[in-house]
Amino acid sequence: MSPTPYVTFFHAPHSRSGGTRALFEELGVDYDMHVLNLKTGTQRDAEYLAINPMGKVPAIRHGDALITEQPAVMMYLADLYPEKGLAPPLGDPLRGPYLRWMVFYGSCLEPAVMDHSAKREPVPAMQSGYGDYDCVIRVLAEQLEQGPYLLGERFTAADVLYGCALRWFLMWKLVPDLPVFRAYVERVTSREGIQRADRKDEALAASQEG
Ligand SMILES: N[C@@H](CCC(=O)N[C@@H](CS)C(=O)NCC(=O)O)C(=O)O
């Protein structure tokens with residue numbers, strides 16, 4: 001049963017909030033969804049900026065709390081439903097590695113990928129929070145080689161984040177087309193919940209096209 005009050009999820013199809021939708025499906029919980037249209041720019045309307053001044057998705061609201069940034073949103077949701085087993089709890093030896101990889105996504109992987117794709121002049125590795133792009137990609141690939149999931153045998157919300165993000169990164173050729181990335185994306189995104197989220201998102205995107 002969902003805790004009260006329901007979580008409100010601010011979502012736009014074909015965007016970074018797709019991973020959060022996939023996590024909701026993997027958790028199998030109810031929520032209220034508020035849909036934004038990135039093509040017409042409703043995320044920049046005053047009404048939404050009053051909720052999330054960044055004008056970005058995903059965002060969730062739970063009671064008076066606003067949570068933004070994919071890793072924080074996913075950690076919050078996975079902790080909110082501990083019975084679903086998608087977050088190693090405090091005291092679990094995997095809790096530290098789980099937090100590490102969740103934060104690595106936002107502080108290392110995504111900035112490295114975006115800086116690299118924009119061909120930004122790299123700052124010296126010692127001054128960069130993520131070092132350099134090649135190092136980030138190598139460290140992630142080495143971790144996934146140990147598989148089958150980011151934390152080994154245990155599937156967690158971190159895999160929903162990385163599986164969905166790497167799928168986009170491969171599609172847009174933002175990361176090297178390594179067999180380890182391909183196999184991991186296939187393993188994670190073929191899960192029932194994520195497939196269901198994909199189908200719902202395609203229908204939502206089509207309705208916005210219309
Ligand atoms: N740091 C944010 C980034 C979210 C983000 O960039 N979302 C994009 C969608 S892919 C967005 O909302 N863009 C709309 C805009 O900037 O107007 C996170 O990790 O959640």
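In the predicted model, a nitrogen atom of the ligand lies 2.5 Å from an N or O atom in the side chain of Glu-69. Backbone atoms also take part in the contacts with the ligand: a nitrogen atom of the ligand is found 2.8 Å from a backbone N or O atom of Val-57, and an oxygen atom of the ligand is placed 2.9 Å from a polar backbone atom of Gln-70. On its own the ligand has an accessible area of 520 Å², of which 78% is covered by the protein.

Glu-69, Val-57 and Gln-70 belong to a shell of residues around the ligand that also includes Ser-15, Arg-16, Leu-38, Gln-43 and Arg-44, together with Gly-55, Lys-56 and Pro-58. When this shell is divided by class, three of its residues are nonpolar, four are polar and four are charged. The space that the ligand takes up is the largest pocket of the model.

Apart from the residues around the ligand, a polar contact was computed between the side chains of Glu-209 and Lys-39, with a distance of 2.7 Å. Glu-209 is part of helix α8, which spans residues 192-209, and the two partners of this contact are 170 residues apart in sequence, although their C-alpha atoms are separated by 8.9 Å in space. Glu-209 has a relative accessible area of 55% and is therefore classed as exposed, the cut-off for that class being over 50%.

Two further residues, Ser-128 and Cys-164, fall into the buried class, for which the relative accessible area must be under 20%. Ser-128 is located in the loop that connects α4 (95-117) with α5 (133-145), and this residue counts as buried because its relative accessible area is 13%. A polar atom in the side chain of Ser-128 lies 3.0 Å from the backbone oxygen of Gly-131, a distance that falls within the 3.5 Å limit applied to polar contacts.

Cys-164, in turn, is situated in helix α6, which comprises residues 157-171, and its relative accessible area of 7% places this residue in the buried class as well. Between Cys-164 and Ala-22 there is a separation of 142 residues along the chain, while the distance from C-alpha to C-alpha is 8.3 Å.

Technical notes. Residues are numbered from 1 along each chain as its sequence is written. This is a predicted model: local features need pLDDT of at least 70, side-chain atom pairs count only at pLDDT 80 or more; totals for chains, interfaces and linings use all residues. Side-chain values use heavy atoms; hydrogens and water are left out. A residue is near a molecule or strand if one of its heavy atoms lies within 4 Å of it. A polar contact is a pair of N or O atoms within 3.5 Å; within protein, one must be able to donate a hydrogen and the other to accept it, and residues adjacent in sequence count only if both atoms are side-chain atoms. Accessible areas come from the Shrake-Rupley method with a 1.4 Å probe; for residues, only the protein chains shown count as cover. On a 1 Å grid over the protein atoms alone, a cavity is a set of points where a 1.4 Å probe fits but cannot get out, and a pocket is an open set with protein on both sides within 12 Å along at least five of seven lines; lining residues have an atom within 4 Å of a point. A molecule sits in a cavity or pocket if more than half of its atoms lie within 2 Å of its grid points. Ala, Val, Leu, Ile, Met, Phe, Trp, Tyr, Cys and Pro count as nonpolar, Asp, Glu, Lys and Arg as charged, and the others, Gly among them, as polar. Helices (H or I, at least four residues) and strands (E, at least two) are DSSP runs, numbered from the N terminus. Buried means under 20% relative accessible area, exposed over 50%, partly exposed in between (1.4 Å probe, protein chains only).
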